[in-house]
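User: Please take me through one part of this model at a time, following how the pieces sit against one another. I am in my first year, so kindly explain each term as you go.

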Amino acid sequence: MLTNTGTDIVLSKHGLLTTVAYKLGNAPAVYALEGAVAIGGEVVRWLRDNLKIISSSSEIEQLSETVDGTHDLYFVPAFSGLYAPYWDPTARGLIIGITAYTNSGHIAHAALEAVCFQVCEILQSMNADSGIQMECLKTDGGMTKNKPFLKMQSDILGIPVECRSATAEATAIGAGMAAAMALGVWNVSTLPGKVLTYSAEVSVAEREKKLGRWKEAVQRSRNWA
């Protein structure tokens, strides 16, 4: 996850990395703050290959929709520690809040929420470092095919989430476009595809409560290894 800082090199005070975003030809380099997580979309593959509660990654959407929420179940996928903003190699994976009522749908739902919560914490760090409140999150990648997930992400962030229907792998397309523009063989101002926007509907109180519980779960996962 990246936020553009322009031609200024900004050193994070909130657990982010400083990186080069892009450089076109002889123009000055443009920098960014980057938030890296150890396990994001990989958690879906873990549910498929290790727990075997789904047979394909695309089934996570249907399984998570069989329940109306996690019912206070939280999944911290710190399989190899926590990356941004914690940078804690002693953390390990944790599923907490299991009851006799818990089923595979709750675990799938909590796994998707875990990705959203990690994005949320990185966004909070970006807001703190930049002094600017982000007003929209632009997304790409395989998980953007899961529309309920994008809605979930918006609810947890409290801001709109956008993706392009025809360009799920926008990172690869953008790299190609940047190379073509730098060589002067292509000049394009917009990406193809309709922009889909998902807006938050949950209350501020509910959002803050869930994020608070997530952070409690994260703390319980730490200092284990």
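Analyst: Let's begin with strand 1 (residues 2-6) and strand 3, which run antiparallel and are joined by four bridges. Strands (E, at least two residues) and helices (H or I, at least four) are DSSP runs numbered from the N terminus, and two strands pair if DSSP finds at least two bridges between them. Keep in mind that this is a predicted model, where local features need pLDDT of at least 70 and side-chain atom pairs count only at pLDDT 80 or more, while totals for chains, interfaces and linings use all residues. Residues are numbered from 1 along each chain as its sequence is written, and side-chain values use heavy atoms, leaving out hydrogens and water.

Along the first pairing, asparagine 4 stands opposite alanine 32 in strand 3. Strand 3 also pairs with strand 2 (residues 17-22), again antiparallel, over five bridges. There, alanine 32 is the bridge partner of threonine 19. Put together, the three strands form an open antiparallel sheet in the order 1-3-2. Strand 1 and strand 2 are its edge strands, each pairing on one side only. From one strand to the next, the twist averages 40°. Is strand 3 (residues 30-34) enclosed or open to its surroundings? Four of its five residues are buried (under 20% relative accessible area; over 50% is exposed, and in between is partly exposed, with a 1.4 Å probe and protein chains only), so strand 3 is largely enclosed by the rest of the structure.

Now follow the chain to another sheet. This open sheet has three strands in the order 6-7-8, with mixed pairing. Strand 6 (137-138) and strand 8 (195-198) are at the edges with a single partner strand each, so one side of each has no neighbour in the sheet. Strand 7 (residues 161-164) pairs with strand 8 in the antiparallel sense over four bridges, and valine 161 stands opposite tyrosine 198 in strand 8. Helix 4 (residues 147-157) packs on this sheet, touching strand 6, strand 7 and strand 8, and its direction makes about 150° with that of strand 7. Contact means heavy atoms within 4.5 Å; axes are lines fitted to C-alpha atoms, for helices over the stretch in contact, with angles from 0 to 180 degrees between N-to-C directions.

Helix 4 has a helical partner too. The axes of helix 3 (residues 104-130) and helix 4 come within 9 Å and cross at roughly 45°. That makes helix 3 oblique to helix 4 (under 35 degrees is roughly parallel, over 145 roughly antiparallel, 65 to 115 roughly perpendicular, and the rest oblique). Among the residues that meet are His109, Leu112 and Phe117 in helix 3, and Phe149, Met152 and Ile156 in helix 4. By class, this contact has 11 nonpolar, two polar and one charged residues. Ala, Val, Leu, Ile, Met, Phe, Trp, Tyr, Cys and Pro count as nonpolar, Asp, Glu, Lys and Arg as charged, and the others, Gly among them, as polar.
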